[in-house]
Every structure is written in C-alpha cells, then in structure tokens.
Amino acid sequence: AAALEIGSRGQRNRSFVGSGIRVVRETVTDWLDEAEVGVRIYNLDAGQVEIVEATGFTIGVQTLGASTFGVEDSTFVLGRLVDCRIGLDIRTEEAGSWNNGNRYIGGHFSNQSATHPTLSRFGVRLSANPGAYDRHNAHAFFGPDFELQRQGTPGTVDAIPFLLEVDGRGLTARAVRMEACSPFVARHTGGYS
C-alpha cells in the first residue's frame, strides 16, 4: 500500500481539502516497484490538496481514478518531490474511471546526483492500467521546477519532465524550469495531443 492514502477506491471523494502533507521514506526505494507510492489520492472531485513533500519513493504522489469514479476539477499545490523515479503519476485504474480537468501549482521535482544514476526518471507521468480509461484531458501546470539529474554528457539516462503514456489532449505547462534534464520537455508513448 501507499505510505498515505486519501479517499478510497470505491467512492467519490468530494470537496476534500488537505494541507501540510509530508511523507519521507527512511531510505530511498530501489525505484523498481511501482507499489512504492508516497501519497495516493483516490477519486478527488473539486478538492484541494497541498503536498509539502514526498521523498524517496518510486512514485512520490499518485492521483488515481478508480472503480467508476475519477479525479477531476481539483487543485494540487505541490512542494518538494525528491528522489522519486516518478514525482507525480496521474493515473486511471479501470475503464470506468477517469482523471481530467485538474490544476497543479508549483512543484520542485528533483533528484540527487547519486540517486540511481543509471535509471531513467520523470517528473510527471500520465498513465493508465491496461484497459483503463486513457483520455486524460485538460491538465494545467503552473510554475513546476524540474531538476531531474541527467547523468553524463551527453546524458546516458532519460531525465524528462513529462511522460505521456496515454491518449488525451490539453496538457498545458506555464513557467516551466528545467535544470540537469534531458533536452526534451516531454516524451509521448501514447496518442496525447
């Protein structure tokens, strides 16, 4: 299970407001098991969540549309997402779930140079379980900072701010800062436009 779960898989989590959330793993995970999640937020509808810090997990924060519900119309204020292979995972679990129309403010997505230097890392991933809803539409990011620590010159691992594994449209990112990243702001492996 995630270190902290907010909401539940089988119901809508309406108008939840959470602030000052911090999870820090005592030792950094090996980044191989995606079950190693710092904060998982289920089915948030028109809520607001402030994540101050998530450190040392394979996935720092995961918003998860599950069962026949989804994550929508919510605002996430992001702080330090450090030493995570994927800082923020925007995900759906089933065909009847969704993850659309959310706002993300801030976020310092960073890794130390000594943390798993041979493994690729990503700031934000849009993803879905096999067969799950994959139209992740209308996500807006305001002022995210990415210091993902690309290793080597030229870089020998991927250190990319956005990984888009699903279809959908309308991801907007404003005032993006990239330092020690790959030269590309996004990788598309799905049909995102």
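Which residue forms a salt bridge with Glu34, and how far apart are the closest N and O atoms? In this predicted model, the partner is Arg125, and the closest N and O atoms of the salt bridge are 2.9 Å apart. The structure holds 14 salt bridges and five aromatic pairs, and its largest nonpolar core has 31 residues. The points below take up the charged pairs, the ring pairs, the core and some individual residues in turn.

**Salt bridges**

- The bridge between Arg125 and Glu34 links distant parts of the chain, since Arg125 is in strand E13 and Glu34 is in the loop between E3 and E4, 91 residues apart.
- Arg125 is buried, with a relative accessible area of 4%, whereas Glu34 counts as partly exposed at 31% relative accessibility.
- Arg125 also forms a salt bridge with Asp89, where the closest N and O atoms are 3.0 Å apart; Arg125 lies in strand E13 and Asp89 in strand E10, so this pair ties together parts that are 36 residues apart in sequence.
- Asp89 counts as buried, at 0% relative accessibility, and salt bridges that share partners join Glu34, Arg85, Asp89 and Arg125 into one network.
- Arg85, a member of that network, is found in the loop between E9 and E10 and counts as buried at 17% relative accessibility, a value that falls under the 20% limit for that class.
- Leaving aside neighbours within four places in sequence, Arg85 is in contact with Trp31, Glu34, Phe57, Thr58, Ser120, Arg121 and Phe122.
- Arg14 forms a salt bridge with Asp45, with the closest N and O atoms 3.9 Å apart; because Arg14 lies in strand E2 and Asp45 in strand E5, the pair ties together parts that are 31 residues apart in sequence.
- The two partners of this bridge fall into separate accessibility classes, as Arg14 is exposed with a relative accessible area of 57%, while Asp45 counts as buried at 13%.

**Aromatic pairs**

- Among the five aromatic pairs, Phe76 and Tyr104 are stacked, at 5.4 Å centre to centre and with 10 degrees between the planes.
- Phe76 lies in strand E9 (residues 75–82) and Tyr104 in strand E12 (residues 103–110), so their pairing ties together parts that are 28 residues apart in sequence.
- Both rings of that pair belong to buried residues, with Phe76 at 2% relative accessibility and Tyr104 at 0%.
- The rings of Phe109 and Phe146 have centres 4.8 Å apart and planes at 20 degrees, so this pair is stacked; Phe109 lies in strand E12 and Phe146 in strand E15 (residues 145–147), so the pair ties together parts that are 37 residues apart in sequence.
- Phe109 counts as buried at 1% relative accessibility, and Phe146 counts as buried at 0%.
- Ring pairs link Phe76, Tyr104, Phe109, Phe141, Phe146 and Phe162 into a cluster.

**Nonpolar core and surface patch**

- Within the 31-residue core, the residues with the most contacts are Ile41, Ile51, Leu88 and Val124.
- Strands that give two or more residues to this core include E3 (17–24), E4 (37–42), E6 (48–55), E10 (86–92), E13 (121–128) and E16 (159–164).
- Apart from neighbours within four places in sequence, Ile41 is in contact with Ile6, Val49, Ile51, Val61, Gln62, Thr63, Leu64, Val71 and Phe76.
- At the surface, Val176, Met178 and Val185 make a nonpolar patch of about 200 Å²; Val176 is placed in the loop between strand E17 (171–174) and strand E18 (177–179) and counts as partly exposed at 30% relative accessibility.

**Individual residues and backbone**

- Tyr42 is found in strand E4 and is buried, with a relative accessible area of 3%.
- The contacts of Tyr42, leaving aside neighbours within four places in sequence, are with Glu5, Ile6, Gly7, Ser8, Arg9, Asn13, Leu64 and Ala66.
- Although Tyr42 and Val52 are 10 residues apart along the chain, their C-alpha atoms are separated by 18 Å.
- Asn43 is not a glycine but has a positive phi of about 45 degrees; Asn43 is found in the loop between E4 and strand E5 (44–45) and counts as buried at 0% relative accessibility.
- Ser15, also a residue other than glycine, has a positive phi near 55 degrees, and its place is in the loop between strand E2 (13–14) and E3.

Note on methods: Residues are numbered from 1 along each chain as its sequence is written. This is a predicted model: local features need pLDDT of at least 70, side-chain atom pairs count only at pLDDT 80 or more; totals for chains, interfaces and linings use all residues. Side-chain values use heavy atoms; hydrogens and water are left out. Rings of Phe, Tyr and Trp (its six-membered ring) pair if their centres lie within 6.5 Å; planes under 30 degrees apart count as stacked, over 60 as edge-to-face and the rest as tilted. Helices (H or I, at least four residues) and strands (E, at least two) are DSSP runs, numbered from the N terminus. Buried means under 20% relative accessible area, exposed over 50%, partly exposed in between (1.4 Å probe, protein chains only). A nonpolar core is a set of buried Ala, Val, Leu, Ile, Met, Phe, Trp, Tyr and Cys residues joined through side-chain atoms within 4.5 Å. Contact means heavy atoms within 4.5 Å. Patches are made of residues with over 30% relative accessible area and no salt bridge: like charges are joined within 9 Å, nonpolar side chains (Val, Leu, Ile, Met, Phe, Trp, Tyr) within 5 Å. Accessible areas come from the Shrake-Rupley method with a 1.4 Å probe; for residues, only the protein chains shown count as cover. A salt bridge is a side-chain nitrogen of Lys or Arg within 4 Å of a carboxyl oxygen of Asp or Glu.
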